[in-house]
Amino acid sequence: MIVPCGSVAVVNRDTVPLTDQQRLVRDSIRDICSDFDREYWREKDEAGEYPHEFVDELAAHGWLGVLLPMEYDGAGMGTEEVVVIMEEIAASGGGFSAAQAVHGAIYNSVPLVTYGSEEMKADLLPKVARGEKSIQAFGLTEPNAGSDSTSIETSATHEGDEYVIDGQKIWISRVDASDYLVLVARTTPKSEVEKHTLGITMFLIDLEDAYDQGALEISQIDKTASGAVHSYELFFEGLRVPETAVIGEVGNGFYQMLDGLNEERLAIAAECIGLGEVAVETGVAYANDREVFGRAIGSNQAIQHPLAEAHARVQAAKGMVYNAASQVEESSRQEIGALANMAKFLAADAAFAAADAAVQTHGGFGVAREYDVERYLREARLTRLVPITQELALNYIGERVLDLPRSY
Ligand SMILES: Cc1cc2nc3c(=O)[nH]c(=O)nc-3n(C[C@H](O)[C@H](O)[C@H](O)COP(=O)(O)OP(=O)(O)OC[C@H]3O[C@@H](n4cnc5c(N)ncnc54)[C@H](O)[C@@H]3O)c2cc1C
């Protein structure tokens, strides 16, 4: 290639004040990420390989247990620190995929901390904190239940001291990199409950046992974005799990799931911020390097302004994410829900605008894998769909914050 590639401009992204602890976390994560360059992430995306080396390194430094209490060998930290971790991982060049590769490992054990039995916690959480066992997969979505999650039909039928699980899940990520799956299933059909949010229960599924029983088959979904992190269809047929696999209260799993959801949404927003930042940096580097008509393309305002606007949008959304993260401890679920949904909506849109500006800045090279920005654009597009769509985030803001009539 005659055009310089892979250089990154230094764009000041220190726009929010950090606590001393956040600074320490940032420096440690930056240090780990510096061993995994853009080529590593490009190759993982192209080969469709899960980044085991990177995840193992984070585990070795204890970061997968960041949210676990110290009594289970965790770091006992909270959302304020997780947003720093996720932003740094994505901004390092790994993008949304890199953050997603560890997202489940950090978040899926949270329901166990709050609702798991003492036996379950004592057995599993220290192993999760040390990276010896992973709960990377969370199974909620079904072919007929995405945004409308209470329409799930996967059933868990009580038989003696066991539950028998039948049904289908779709889009379940990281099943290949996980020892356990947190499964959300119906213990009472929707037609038989007073409220559609009732009759739903969370289970901890030992995946090896499920395969050994011949009661679980998985099929990888062929998708374009986030090549390094795979998503699967899951087919359960007569899977037997002990009663002790229930996480928390039978029938109350939907409400348990809502607990911690806003904090997780802030982590996703931080992943979008990191992605937007690395897209802006890559675009700026190229705008300075590439000369057309005898001058750097960055001197054209048609190139400069979209990058400047993207930077402003990403940093504005970052302010919102960090502000919300700092309020998690003392705010109600309602208050954090409002902030988390606004932050996720703004961060995903800002990341998309940044990645799009970076692609446009690269001209034809914008679609060449070697320049990374095409990957950032695919990932940024995905952030507008998961874990909830932008429309559903707006529904939340419209209906629960602005008190407008419900659409469903
Ligand atoms: C790469 C990837 C990874 C994923 N990983 C996981 C995972 O690990 N575990 C898991 O459980 N799920 C996972 N999901 C599923 C994800 O959470 C769902 O795709 C998402 O919730 C949307 O559901 P859906 O795809 O069924 O879209 P639908 O619910 O069918 O919606 C389709 C469109 O209609 C819009 N829409 C629907 N209802 C309304 C309304 N009332 N108002 C306005 N607009 C509306 C939606 O916003 C969307 O644009 C993943 C998805 C992807 C793509």
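Hi everyone, let's start right at the ligand: a polar side-chain atom of Thr389 sits 2.6 Å from one of its oxygen atoms. Thr141 also brings a polar side-chain atom to the ligand, 2.7 Å from a nitrogen atom, and Asn395 does so at 3.1 Å, again from a nitrogen atom. A polar contact here is a pair of N or O atoms within 3.5 Å. On its own the ligand exposes 980 Å², and the protein buries 65% of that; accessible areas come from the Shrake-Rupley method with a 1.4 Å probe.

Before I go on, a word on where this comes from. This is a predicted model, where local features need pLDDT of at least 70 and side-chain atom pairs count only at pLDDT 80 or more, while totals for chains, interfaces and linings use all residues. Residues are numbered from 1 along each chain as its sequence is written, and side-chain values use heavy atoms, with hydrogens and water left out.

So, how many residues surround the ligand? There are 18, and the closest are Thr141, Ser147, Trp171, Thr389 and Glu391; to be near, a residue needs a heavy atom within 4 Å. By class, that shell has nine nonpolar, eight polar and one charged residues, with Tyr and Pro counted among the nonpolar ones and Gly among the polar ones. Strand E3 (162-173) and helix H13 (390-401) each give at least two residues to the shell. Helices (H or I, at least four residues) and strands (E, at least two) are DSSP runs, numbered from the N terminus.

Now let's step back to the whole chain. It is divided into domain 1 (20-97 + 260-401) and domain 2 (137-251), with bounds from an automatic or database domain assignment. Their centres, taken over C-alpha atoms, are 29 Å apart. Their contact (heavy atoms within 4.5 Å) takes 12 residues from domain 1 and 10 residues from domain 2. The two domains bury about 910 Å² between them, 62% of it on carbon and sulfur atoms; that is the accessible area (1.4 Å probe) lost on putting the two parts together, summed over both. Tyr50, Ser97 and Arg378 supply 48% of the area that domain 1 buries against domain 2, more than any other three residues. And the ligand shell draws at least three residues from each domain.

Last, two backbone details. Val386 and Pro387 are joined by a cis peptide bond, with omega about -10 degrees, and Pro387 is in the loop between helix H12 (373-383) and H13. Ser226, in the loop between strand E6 (216-220) and strand E7 (231-242), has a positive phi near 55 degrees.

Terms used
Polar contact = N/O pair within 3.5 Å; in protein donor to acceptor, adjacent residues only side chain to side chain.
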